[in-house]
Amino acid sequence: MKKVRKRRMFVVLVVLLVIVGTLIIWFNIPYSPAKKQFQNDISALLVENQLSVDKETFTDKDFVNLPTAIQRYIENCGYIGTPKMSYLKMEYHNVDFSQGKDRPTLKIDYTQYNFINEPCRMALIDSSMFGIPFEGYDYYQNGTGGMKGVIAKAITLFDQTGADMDKACLATFLAESLFAPTVLLQDYITFEEIRDFEVQATITYKGQTASGIFTFNEQYEMISFTTNDRAVAGTDGSMEYVPWSALCGEYQFSENGIKYPTKFQAVWNYSDGDFVYFDGVISEVSYGYKQ
């Protein structure tokens with residue numbers, strides 16, 4: 001009997017070692033279904049958006065009907081004379097990211113694409129929890145938005161969709177519109193000057209509308225975007241509309257001669273205090289153009 005027990009224990013141990021070894025290999029290989037889906041979606045959109053705008057450069061005349069603060073922003077940030085982009089790519093590394101109050105903060109890498117011909121935004125979160133891969137995929141395409149989180153490359157932690165998410169994703173696209181000024185020239189977006197350094201922007205697409213206020217400093221650098229059109233998801237899956245802000249700072253000129261913020265924060269402005277859930281440095285900004 002002792003020999004049988006020992007043999008069984010040995011078999012169990014071997015099986016466990018095989019499982020652990022397989023998981024270690026699975027966790028460490030570059031491939032993951034979420035990343036593959038993101039890459040496939042981006043590849044299709046890149047082909048589609050290569051032909052979305054003419055190969056022209058920005059001129060003062062393009063922005064003459066927009067509020068003064070936006071005209072000054074465009075001029076002072078160096079966009080005049082540069083090519084009109086068909087999409088924007090932004091990358092962040094080692095961002096402090098939290099999924100909610102009283103939840104652990106992760107270090108993440110964040111890659112996003114904003115396409116211009118029609119409002120479209122795709123973003124991938126790449127991180128880990130206790131050594132186990134965690135990936136998030138935020139998407140907005142054809143008027144549909146969502147946010148999906150996957151752990152261990154195979155287990156879905158959350159998959160949020162619905163009208164509230166559609167609107168939230170549209171508001172996020174609006175918040176980033178000044179980083180890709182071709183967006184400002186599209187029919188789906190309008191602006192209204194509130195005062196010298198504040199502009200209200202409204203975006204309408206596929207039956208959804210989102211609005212917010214851009215604030216500029218005296219150098220006409222955009223320093224914040226605030227909106228009431230983003231809902232935060234509760235642990236029970238409920239959605240609550242909470243004021244939301246995107247904060248920008250520490251502008252620097254890049255190699256392409258355009259001035260960008262290097263600091264970016266996303267903040268839920270709760271009644272009992274602000275909660276910064278995304279706190280990062282913009283590592284790279286690049287554009288795609290018509291071929």
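## A buried lysine to begin with

Lys 259 is buried, its relative accessible area being 11%. This is a predicted model, so that percentage, like the other values here, is computed from predicted atoms. Lys 259 belongs to strand E14, which covers residues 259-270.

What does the side chain of Lys 259 join in a polar contact? The partner is the side chain of Glu 221, and the contact is 3.3 Å. Glu 221 also appears among the residues in contact with Lys 259 once neighbours within four places in sequence are left aside; the others are Asn 76, Cys 77, Tyr 251, Gln 252 and Phe 253.

## The protein as a whole

It helps to step back for a moment. The protein has four helices and 15 strands. It counts 291 residues, and 47% of them are buried.

Contacts along the chain can be sorted by how far apart the two residues are in sequence. Taking those between residues at least 6 apart, 50% join residues at least 24 apart.

## Helix H2 and its two faces

Helix H2 has 17 residues. From its first C-alpha to its last it reaches 24 Å, close to the 24 Å expected at 1.5 Å a residue.

Which residues of H2 are buried? They are Ala 34, Lys 35, Phe 38, Ile 42, Leu 45 and Asn 49. Because these residues cover an arc of only 100 degrees around the axis, they sit on the same side of H2. On the face turned away from that buried side, H2 carries the exposed residues Val 47 and Glu 48.

## Helix H3 and what covers it

H3 has a buried set of its own: Ala 69, Ile 70, Tyr 73 and Ile 74. Their arc around the axis is only 135 degrees, and therefore they fall on the same side of H3. Strands take part in covering these buried residues, including E7 (189-195), E8 (198-205), E9, E10 and E13 (244-253). After H3 comes Gly 78, which has a positive phi, near 90 degrees.

## Tyr 220, a neighbour of H3

Tyr 220 is a good residue to look at next. It is found in the loop between strand E9 (208-216) and strand E10 (222-227). Is Tyr 220 buried or exposed? With 18% relative accessibility, Tyr 220 counts as buried, because the cut-off is under 20%.

Along the chain, Tyr 220 and Tyr 73 are 147 residues apart, yet 5.0 Å separates their C-alpha atoms. Tyr 73 is also in contact with Tyr 220, as are Ala 69, Arg 72, Asn 76, Asp 196 and Phe 197, with neighbours within four places in sequence left aside. Two of these names, Ala 69 and Tyr 73, will be familiar from the buried residues of H3.

## Salt bridges

How many salt bridges does the structure hold? There are ten. In one of them, the side chains of Glu 56 and Lys 84 meet at 3.2 Å, N to O. This pair links distant parts of the chain, 28 residues apart: Glu 56 is in the loop between helix H2 (33-49) and helix H3 (68-76), while Lys 84 is in the loop between H3 and strand E1 (87-98). The two ends have unlike surroundings, as Glu 56 is partly exposed with a relative accessible area of 38%, whereas Lys 84 counts as buried at 12%.

Another salt bridge joins Lys 107 and Asp 96, with the closest N and O atoms 2.8 Å apart. Here too distant parts of the chain are linked: Lys 107 is in strand E2 (residues 105-115) and Asp 96 is in strand E1, eleven residues apart. Asp 96 is partly exposed, with a relative accessible area of 31%. Arg 195 forms a salt bridge with Glu 198, and their closest N and O atoms are 2.4 Å apart. Glu 198 counts as partly exposed at 22% relative accessibility. Through shared partners, salt bridges also join Glu 56, Asp 62 and Lys 84 into one network.

## Cysteines

A disulfide is a covalent bond between the sulfur atoms of two cysteines. How many disulfides does the count come to, with sulfur atoms within 2.5 Å as the rule? The count comes to zero. As for individual cysteines, Cys 120 is buried at 5% relative accessibility, and Cys 248 is buried with a relative accessible area of 10%.

Note on methods. Residues are numbered from 1 along each chain as its sequence is written. This is a predicted model: local features need pLDDT of at least 70, side-chain atom pairs count only at pLDDT 80 or more; totals for chains, interfaces and linings use all residues. Side-chain values use heavy atoms; hydrogens and water are left out. Helices (H or I, at least four residues) and strands (E, at least two) are DSSP runs, numbered from the N terminus. Buried means under 20% relative accessible area, exposed over 50%, partly exposed in between (1.4 Å probe, protein chains only). A polar contact is a pair of N or O atoms within 3.5 Å; within protein, one must be able to donate a hydrogen and the other to accept it, and residues adjacent in sequence count only if both atoms are side-chain atoms. Contact means heavy atoms within 4.5 Å. A salt bridge is a side-chain nitrogen of Lys or Arg within 4 Å of a carboxyl oxygen of Asp or Glu. The expected span of a helix is 1.5 Å times one less than its number of residues. The arc is that of the directions from the helix axis to the C-beta atoms. A disulfide is a pair of cysteine sulfur atoms within 2.5 Å.
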